[in-house]
Amino acid sequence: MQLQRIHHVAVIASDYERSKTFYVDVLGLKVVGEHYRAERRSYKLDLALPDGGQLELFTFPDAPPRPSRPEAIGLRHLAFVVADVGAALAELAGRGVVVEEVRVDEYTGKRFGFFFDPDDLPLELYEA
């Protein structure tokens, strides 16, 4: 077996419309498909990432919160490549998104910074 690339990453949101607005209007991801699954009382939104991958946004009734702090075992964060981390974080902050300061990766010397989605999921911008 040889893995070729990531096809999609799935995120569960507490508030479908709020998270849809964040990922579509704030981050600029394009809607590929949107479905309400009545039997599960659940939304599924497929969003296109610029590299051909997808982000799936789900909601489920009464889904428990996932701890981000302290850091827990499991998926830690999603990272997106941008040309200028500082400018991108400033743009997000200007839109009311919680962002952290720009940092420098001690191993690569590349700049990066974190921001958070409406459910406090950590997302990273990385200058490659």
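Begin by selecting Glu-56 and Lys-44: both residues are buried, a term for a relative accessible area under 20%, whereas exposed denotes over 50% and partly exposed lies in between (1.4 Å probe, protein chains only). The model is predicted, so local features need pLDDT of at least 70 and side-chain atom pairs count only at pLDDT 80 or more, while totals for chains, interfaces and linings use all residues. Residues are numbered from 1 along each chain as its sequence is written, and side-chain values use heavy atoms, with hydrogens and water left out.

Keep the first pair selected. Glu-56 forms a salt bridge with Lys-44, and their closest N and O atoms are 3.5 Å apart; a salt bridge is a side-chain nitrogen of Lys or Arg within 4 Å of a carboxyl oxygen of Asp or Glu. This pair links distant parts of the chain, with Glu-56 in strand S4 (residues 54-59) and Lys-44 in strand S3 (residues 42-48), 12 residues apart. Helices (H or I, at least four residues) and strands (E, at least two) are DSSP runs, numbered from the N terminus.

Next, select Arg-111 and Glu-127, which form a salt bridge with closest N and O atoms 3.2 Å apart. Arg-111 lies in strand S7 (residues 111-116) and Glu-127 in strand S8 (residues 122-127), so the pair ties together parts 16 residues apart in sequence. Arg-111 counts as partly exposed at 28% relative accessibility, while Glu-127 is buried at 18%. Now add Asp-46 to the view: salt bridges that share partners join Lys-44, Asp-46 and Glu-56 into one network.

Finally, select Glu-34 and Lys-20, whose salt bridge has its closest N and O atoms 2.9 Å apart.
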